[in-house]
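Student: I should like a close look at a single part of this model. Please begin with one residue and its setting, and then go on to the regions beyond it.

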Amino acid sequence: MPSCLVGLGSNLGDRVGNLLAALAAIRTEPQFRLQAVSSFHETKPIGGPAGQADYFNAVAAVQTDLSPLELHAALEQIELHLGRVRGERWGPRTIDLDLLLYGDCIVETADLVVPHPRMGERRFVLAPAAEIAADWRHPRVNKTIAQMLADMPAPDQNESAMRVMTSPADIQATVLKHRESGVRVGLVPTMGALHEGHLSLVRIAKQRANVVVATIFVNPAQFGPGEDFGKYPRTLDADLAALSTAGCNLVFVPAADDIYSAGFSTYVDPPGVAAPFEGACRPEHFRGVATVVLKLFHLIPAHVACFGQKDFQQLLVIRHMVRDLAVPMEIVACPTVREPDGLALSSRNRYLSSAERGQAIGLSRALDRAEQMVAAGERDSAKVIAQMRNILREAGIHRIDYVAIADPETLAESPHLDRPAVALLAAHVGSTRLIDNSLLTPPP
Ligand code: AMP
């Protein structure tokens, strides 16, 4: 059965989603056997109208009994089945499937030329192809794909080089290779629906590492029954564009069954700091967080991982887990990024109606009041908490899960503000649950 290389490209709509849909179609097509898939390379468009979006390109190795012309027609059928939208030549398209190589065959007909006539000039074909078929030989130029890639001019400095991976084994192998060659790796785990807060983590990671890996995974295990797992915003294409602009190098986007594969049954029992506050309101939450974060730490053995102080208790849970289980990873706490009026950025803010958006400012106002009271010499936490609750109520927020002042290392509640503490709160604004926190430093 001949082995073939198929090129995939998309620069319209949900680009990586389109590539994944095409791969799923190839996988389920009985006449194909999908052998390997490269990572997805972000690529600047070549030719075509100005201002079109960057592409994502990948290469798949496929075995088939179909003839080259039949295979070409079958790929076209998949494009049509996926509802390919394509305007002018070289213009944006949702999905493009090209037959690049068909064993040693050389085909030259009016409808089809194989090997693909321009594959030798295209880094966005050769680079992904070299990941899965480095020693395959191009029958016309009689060079391996690796040699053809090496013969290409060096990539343009401005050329986007972000890559997306969906396979746990591939991301792990890639990061281990970076480590072995002395490259310092930074990690930014996220659930997507990215905003400036997430991007600030990427920028901080870039200052501390040569290669930054972000992950996008809406982790089912950290959502309780009746929580917003189903409606959590999923904005993959915009997330990838934002990560690329922020200078992210690699993005890991696993499917749920890549992380929780059949028979998965090992969970992390989270540390003691997981018990109060969020842990009391969302009983399984930190078990899910600790489990997925530890798994991500193994799949992406970075030197340093960045987490937002916005999720203060989560940060502590991770710090304690890393210390208790001797995980060789430096954990960096990054400051909370806020809207100009003080509201902490959160993926869940997009659930808020405009009236609720007005109410939500109560959270940061309550924290501001706590800071002011402590700066003015107040030492009684109960008084500060009472004021914070008042401010929430004045803002129209009545469903308050907790308002607390605690030790920033242990999360034990601090009745007296005689040393640094953290004020933490969680409240429902309409049907949206928001959390925020602020460090309190009593004057000496
Ligand atoms: P999430 O996608 O909500 O799981 O968040 C991923 C990471 O981004 C976590 O480390 C969060 O603490 C961090 N993060 C979320 N919101 C902010 C923010 N407003 N400022 C800084 N970091 C944030």
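Tutor: Asp 418 counts as exposed because its relative accessibility is 54%; the term exposed applies over 50% relative accessible area, buried under 20%, and partly exposed in between (1.4 Å probe, protein chains only). The model is predicted, so local features need pLDDT of at least 70 and side-chain atom pairs count only at pLDDT 80 or more, while totals for chains, interfaces and linings use all residues. Residues are numbered from 1 along each chain as its sequence is written, and side-chain values use heavy atoms, with hydrogens and water left out.

Asp 418 belongs to the loop that runs between strand E16 (399-406) and strand E17 (421-429). Helices (H or I, at least four residues) and strands (E, at least two) are DSSP runs numbered from the N terminus. Leaving out residues up to four places away in sequence, Asp 418 touches Arg 379 and Pro 442, where contact means heavy atoms within 4.5 Å. Pro 442 stands 24 residues from Asp 418 along the chain, and the C-alpha atoms of the two are separated by 6.6 Å.

The loop between E16 and E17 also holds Leu 411. In contrast to the exposed Asp 418, Leu 411 counts as buried because its relative accessibility is 3%. Although Leu 411 is not a glycine, its phi is positive, at about 65°. Leu 411 is included, with Val 268, Leu 316 and Ala 406, in a core of 48 residues that is separate from the largest nonpolar core. Such a core is a set of buried Ala, Val, Leu, Ile, Met, Phe, Trp, Tyr and Cys residues joined through side-chain atoms within 4.5 Å.

The largest nonpolar core has 51 residues, and Phe 32, Leu 240, Leu 243 and Val 251 have the most contacts inside it. Helix H1 (residues 15-28) gives the most to this core, contributing 6 residues. Val 251 shows how such a position is surrounded: apart from residues up to four places away in sequence, Val 251 touches Met 162, Arg 163, Val 164, Met 165, Ala 214, Ile 216, Leu 240 and Leu 243.

Leu 240 and Leu 243 lead to helix H7 (residues 236-246), where both are among the buried residues, together with Leu 236, Asp 239, Ser 244 and Ala 246. These residues lie on the same side of H7, because they cover an arc of only 160° around the axis; the arc is taken from the directions between the helix axis and the C-beta atoms. After H7 comes Gly 247, with a positive phi near 95°.

H7 is also one partner in a helix pair. The axes of H7 and helix H6 (residues 196-208) come within 9 Å and cross at roughly 35°; axes are lines fitted to C-alpha atoms, for helices over the stretch in contact, with angles from 0 to 180 degrees between N-to-C directions. H6 brings Leu 199, Val 202, Arg 203 and Lys 206 to the contact, and H7 brings Ala 242, Leu 243 and Ala 246.

Val 202 in turn points to strand E14 (residues 304-308), which contains Cys 306. Cys 306 and Val 202 are 104 residues apart in sequence, but their C-alpha atoms are 7.9 Å apart in space. With a relative accessibility of 1%, Cys 306 counts as buried. Beyond its neighbours within four places in sequence, Cys 306 is in contact with Leu 187, Val 188, Pro 189, Leu 201, Ile 204, Ala 205, Val 332 and Cys 334.

Another buried position is Ser 364, which has a relative accessibility of 4% and lies in helix H12 (residues 354-375). Not counting residues up to four places away in sequence, Ser 364 touches Arg 338, Asp 341, Gly 342, Leu 343 and Asp 436.

Two details of the backbone may be added. Val 114 and Pro 115 are joined by a cis peptide bond, with omega at about -5°, and Pro 115 sits in the loop between strand E7 (113-114) and helix H3 (123-133). Asn 142 has a positive phi of about 55° without being a glycine; this residue is in the loop between strand E8 (137-138) and strand E9 (143-144).

As for the whole, the protein chain has 13 helices and 18 strands, and 53% of its 444 residues are buried. Its C-alpha trace spans about 85 × 45 × 45 Å along the principal axes. Of the contacts between residues at least 6 apart in sequence, 71% join residues at least 24 apart.
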